[in-house]
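Visitor: I am new to this structure, and I would like to hear the reasons behind the terms that are used for it. Could you take me through them slowly?

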Amino acid sequence: MDSEDDDFYSGEAMDDENDYYNTDDAAYADGYDDEDEDDDDDDYEFMEEVDEEYVSRQQQSYTVLKEEDIQQRQEDDITRVSTVLSISRVDASILLRQYNWSVSRVHDAWFADEDGVRKSVGLLDKPVFQFSNAKELTCGICFEPYTRDKVMSAACGHPFCCTCWKGYISATVNDGPGCLMLRCPDPSCRAAVGQDMINMLASDDDKEKYTRYLRRSYVEDNRKGCLRYHLKHEPYLPSDCCYIHFVYCQTKWCPAPGCDYAIDFAAGGGTFDVSCLCSHSFCWNCTEEAHRPVDCGTVSKWILKNCAESENMNWILANSKPCPKCKRPIEKNQGCMHMTCSPPCKFEFCWLCLGAWSDHGERTGGFYACNRYESAKQQGDYDETERRREMAKNSLEKYTHYYERWASNQSSRQKALADLHQMQTVHLEKLSDTQCTPESQLKFIIEAWLQIVECRRVLKWTYAYGYYLPEHEHAKRQFFEYLQGEAESGLERLHQCAEKELQQFLNDDSPSKEFNDFRTKLAGLTSVTKNYFENLVRALENGLADVDSHAACSKAGISKPPPASKGKSGRGKGSGRSSGSHDAGR
Amino acid sequence: MTSSSAPSRKALSKIACNRLQKELVEWQVNPPAGFKHKVTDNLQRWIIEVNGAPGTLYANETYQLQVDFPEHYPMEAPQVIFLPPAPLHPHIYSNGHICLDILYDSWSPAMTVSSVCISILSMLSSSTVKQRPADNDRYVKNCRNGRSPKETRWWFHDDKV
């Protein structure tokens, strides 16, 4: 309720977190990895040379994995461990599960201390339980005697009948993912029970559950990440020649509801924005929707703020006063100072001094003033609460300003997405028909809409950024608002053109002469807007560092650094603007 | 009696019945030292008398264990508690609940009443001090209304006692 602890001065996060977007040491990986077995140390040196080549490339730093891809990778990892260690695939899978699916960790541990690993994981190389010569064996769970062909055991040899095995497996599988670490039921035995036994003994339902746990474990327990090596063919190299390329990869599920895809992400890829095949775009780091160029900290603060009650409280604080009798908050939106609380309270009081109305009248100044309030105010009695109310009001107004713009860009983007879809599915074909232009020649329209959708997204997040940009950083604020204003007005022109001006051609029955002009205009606006937004994104991603020198001098009391001097470093727009017209597009 | 007439007390399955009958026969032939099964006609609830082992803090003391078997015993663990008065022990609460991993997470269907009894006796015998667990009052308060110890999320941290 106290507006003083409102957090709009907490912009320090913005300066700290720029290294999320550090693109200098980018190591990109694309496509699927063809792993190679020889990861000798010499290859690392090799890699460093290669990295240089990749820095400037615009490549995807992630791969979307469908269910079969996940399975394929898992199988590949199992095969790798199984061949290198000369153990069965079932055992390899158990080992990998134990070591969070890191092939290299399995290898390291195994070659350092095979016996130790076998013991802790429960991979026995020979049975510990010796069968007697008796014809019959007693099941260790139901204690019934069975002939040998009716009992089964894990590598340890402890005999249990099939019914008991089934009961045991079904109980554990239905108990959760712990079943992936299944051991022999004998309490003194640590022998692992692998998928082969599950497949033999579990019901179809349970088998499916087990497989799902296994797949989930592969994606989720892999969190720590692992070093993958990719063989890269480069077009400028002979076809039998390729680079071995190392990247640090991690896997996460796509957070979209109902989406079963996972994303394999290569660290250091410059941006965290990821686009799943289900068309959901999200930030790899925080799994919120994509929010480049704004950092994750700002986004999470903003989202929390939007859903928090705090703003409601601020509103109540700013616009209402509690009834002096029943204490319910009362909003006064118009009228005189004579208030009557709603039933059952019905208390009549003065809005200004909150005293009973029975003490008021002509002598206290009438309905629109209150002498008691004025004199008390002069004595300083109301200062504290009034000041608080004033602060809350200001902070609320500021928040509302940014929130409205954030939200309207959000809905504008949704609308643009729908329009884009409409264009692709309905209008484009018709347009191609009436304007006698092949659809391939109409790509500029789709490109324009794609640009609009992307820009709306960026613009939306710049409002969250703006909200948290500290008030006292005048130079930065001014620079930011300038860039944002430019980008926004460019986008408005583009959006207007794509939305309204296109309409007339959709209504045409025959080819229109102006269509070519329209093409030039829309394509031009698309590219100009793209430029504006690239500038904006770049500037925000380096924390508006270009104005730092100006910020220093503005501290000395000069609060107006000339904006015209800031557009240096090749932005190409250094002139022709006045500091007053920043908000052109709003 | 803290008779936790477990909320979902279903009759024993056929497998559970067979297994318990075998356990009972085995118990009669070869009872674990220090324990006495009080004969009743209820196969689903055993009352077992425990005699503190000689030379330990609980020598010459007698307590009663109540063992309730679930429908799918032995795939599910039995519920084992001390009937009042429960022995004073750092892992035994005043309501009779016992903090012992094999009764919960580490239960295995290859364990038996007899092996559980032996574990409990060994837990008693290795105690060096007669006292309640530190959080006894809070825990017992939370367990009113006859909540089963199997609903508790136990955290086994002490493997010495």
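**Reasons behind the terms**

Guide: Let us begin with a helix of chain A, bearing in mind that this is a predicted model. The buried residues of α3(A) are A:Ile70, A:Arg73, A:Asp77, A:Ile78 and A:Val81, and they lie on the same side of the helix because they cover an arc of only 130° around its axis.

Visitor: What is found on the other side of α3(A)?

Guide: On that other side A:Glu68, A:Glu75, A:Thr79 and A:Thr83 are exposed. As a general matter, an α-helix has 3.6 residues a turn, so residues three or four places apart point the same way.

Visitor: What covers the buried residues of α3(A)?

Guide: The cover includes the strands β1 (62-65) and β8 (262-266) of chain A, together with the helices α4 (89-98), α5 (103-112) and α9 (204-220) of that chain. Helix α3 itself, residues 67-85 of chain A, has 19 residues and reaches 27 Å from its first C-alpha to its last, close to the 27 Å expected at 1.5 Å a residue. Just after α3(A), A:Ser86 takes a positive phi of about 50°.

Visitor: How do you know that the span of helix α15 of chain A agrees with its number of residues?

Guide: Helix α15 of chain A, residues 474-507, has 34 residues, which at 1.5 Å a residue should span 50 Å, and its end C-alpha atoms are 49 Å apart, so the two values agree. There is nevertheless a kink of about 30° in α15(A), and this kink is centred on A:Cys497.

Visitor: Why is A:Leu544 called buried?

Guide: A residue is called buried when 20 or more other C-beta atoms lie within 10 Å of its own; A:Leu544 has 23 other C-beta atoms within 10 Å, and therefore it counts as buried. A:Leu544 lies in the loop between α16 (515-541) and α17 (548-554) of chain A, and its phi is near 55°, a positive value in a residue other than glycine.

Visitor: And why does A:Asn100 count as partly exposed?

Guide: The term partly exposed belongs to counts in between, that is, neither 20 or more nor 12 or fewer; A:Asn100 has 17 C-beta neighbours inside 10 Å, so it counts as partly exposed. A:Asn100 is placed in the loop between α4 and α5 of chain A, and its phi, near 50°, is also positive in a residue other than glycine.

Visitor: What makes the peptide bond from A:Arg292 to A:Pro293 notable, and where is A:Pro293 placed?

Guide: That peptide bond is cis, with omega near 10°, and A:Pro293 has its place in the loop between β10 (281-283) and α10 (296-307) of chain A. In chain B, a cis peptide bond with omega of about 0° joins B:Pro84 and B:Pro85, and B:Pro85 is in the loop between β4 (79-83) and α2 (113-125) of chain B.

Visitor: How many residues of the two chains are in contact?

Guide: In the model, 11 residues of chain A are in contact with 11 residues of chain B. By class, the side of chain A that touches chain B has 8 nonpolar, 2 polar and 1 charged residues. For the complex, the predictor gives an ipTM of 0.84 and a pTM of 0.61.

Visitor: Where in chain B does pLDDT stay under 50?

Guide: It does so over residues 1-8 of chain B, whereas chain B as a whole averages a pLDDT of 86, with 89% of the residues scoring at least 70.

Methods: Residues are numbered from 1 along each chain as its sequence is written. Chains are lettered from A and ligands numbered from 1 in the order in which they are written. This is a predicted model: local features need pLDDT of at least 70, side-chain atom pairs count only at pLDDT 80 or more; totals for chains, interfaces and linings use all residues. Helices (H or I, at least four residues) and strands (E, at least two) are DSSP runs, numbered from the N terminus. The expected span of a helix is 1.5 Å times one less than its number of residues. The bend at a residue is the angle between axes fitted to the seven residues ending there and the seven starting there. The arc is that of the directions from the helix axis to the C-beta atoms. Two residues are in contact if their C-beta atoms, placed from the backbone, lie within 7 Å. Ala, Val, Leu, Ile, Met, Phe, Trp, Tyr, Cys and Pro count as nonpolar, Asp, Glu, Lys and Arg as charged, and the others, Gly among them, as polar. pLDDT is the predictor's confidence in each residue, from 0 to 100.
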